[in-house]
Amino acid sequence: MNDDVVDILQEVGNIGIGNAATALAEFLNAKVNVTVPRASLVPVEEVFDHIGGVEEIVAAVLLRVEGDLSGTVLFVFSEGSVLKLISQLLGQPIGSLEEIGGMGESVLMEVGNILTGSFLNAISMMSNLTIIPAVPLFTFDMLGSIISSSLLGTGMMEDQVLLIETKLAQEGDEVTGNLLFFFDVGTLNSLLNSLQVQLESL
């Protein structure tokens, strides 16, 4: 991946931050600082090296997207980030995933939806390609199980994944989530070509 692609993917992340921070502030009625330490393409086989082990329990929002860009998108929070995030947002200590309850799941899904939508809008705007999201699903499970089941039956996919690492900070506490975009075959080239065209037009 050349430096230009790295720069433009980071810019996608930065635009997504602005959208997400505004939407989260409206949803939570509180200021949340959002940063993107990393936005890059990583080989599929290295995904677990970046976001956690195969058997790690995580919470994830997952959805299919169609249009000019098609594939499967996941937004993943680790168990530790989930417990910290719910404690912050609901103002009550949470010791385990079993204690989260319906309200906690609703908050997590909405936060995941906001972040996912913000980054997909940024990708679409930067590439000038349409992205049509399906209804998102929310799940707790082992990371390996979520990824394998969400990709099951989706057909061939590219061997690189877009990874956007996101940090949310409120009143000094910070949690991390990761957006993963698994591209259908042929889609990644469309994205990179479109981003290159947009870059050259600047």
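Start by selecting residues 103-136 in this predicted model. The chain there is 74% helix and 9% strand, and the C-alpha atoms at the two ends of the span sit 17 Å apart. The stretch comes from a record: UniProt, in an unreviewed entry, puts the feature "domain: CheC-like protein" at residues 7-40 and 103-136. So add the other piece, residues 7-40, to your selection. That span is 65% helix and 24% strand, with its end C-alpha atoms 9 Å apart.

**Two helices crossing**

Now pick out helix α4, residues 101-127, and bring up helix α3, residues 79-90, alongside. How do the axes of α3 and α4 cross? They come within 10 Å and cross at roughly 105°, which makes α3 roughly perpendicular to α4. To see what makes the contact, show side chains for V82, L85, I86, L89 and L90 on α3. From α4, the residues to show are M103, G104, V107, L108 and V111.

**A buried leucine**

Next stop: L162, which you'll find in strand β6. Is L162 buried or exposed? Its relative accessibility is 1%, so L162 counts as buried. Try selecting whatever touches L162, skipping neighbours within four places in sequence: you should get L9, S40, L41, I123, L179, L180, F181 and F183. If you want a distance to draw, go from the C-alpha of L162 to that of F75: the two are 87 residues apart along the chain and separated by 12 Å.

**Rings**

Two of those contacts of L162, F181 and F183, are worth keeping on screen. Both phenylalanines are buried. The structure has three aromatic pairs in total. One of them is F181 with F183: the ring centres are 4.3 Å apart and the planes sit at 15°, so this pair is stacked. For another geometry, jump to F138 and F140, where the centres are 5.3 Å apart and the planes are at 80°, so the pair is edge-to-face. F140 is partly exposed, with a relative accessible area of 24%.

**Charged pairs**

Last, switch to the charged side chains. Side chains of opposite charge can pair when their charged atoms come close. How many salt bridges does a search of the whole structure find? The count is four.

Select R38 and E165 to see one of them, with N to O at 3.6 Å. R38 belongs to strand β1 (residues 33-43) and E165 to strand β6 (residues 157-170), so select both strands too; the pair links distant parts of the chain, 127 residues apart. Colour by accessibility and you'll see that R38, at 25%, counts as partly exposed, while E165, at 15%, counts as buried.

Keep E165 selected and add K167. Their side chains also meet in a salt bridge, again listed at 3.6 Å from N to O. Which residues does the network of salt bridges link? R38, E165 and K167.

For one more bridge, go to R64 and E66, whose closest N and O atoms are 3.1 Å apart. R64 is partly exposed at 23% relative accessibility, and E66 is partly exposed as well, with a relative accessible area of 40%.

Technical notes. Residues numbered from 1 in each chain as written. Predicted model: local features only at pLDDT ≥ 70, side-chain atom pairs only at ≥ 80, totals over all residues. Heavy atoms only, no water. Helix = DSSP H or I, 4+ residues; strand = E, 2+ residues; numbered from the N terminus. Buried < 20%, exposed > 50% of the residue type's maximum accessible area, 1.4 Å probe, protein only. Contact = heavy atoms within 4.5 Å. Phe/Tyr/Trp six-rings, centres within 6.5 Å; stacked < 30°, edge-to-face > 60°. UniProt positions renumbered as here; feature names shortened; annotations may be inferred. Axes fitted to C-alpha atoms, helices over the stretch in contact; angles between N-to-C directions. Parallel < 35°, antiparallel > 145°, perpendicular 65-115°, else oblique.
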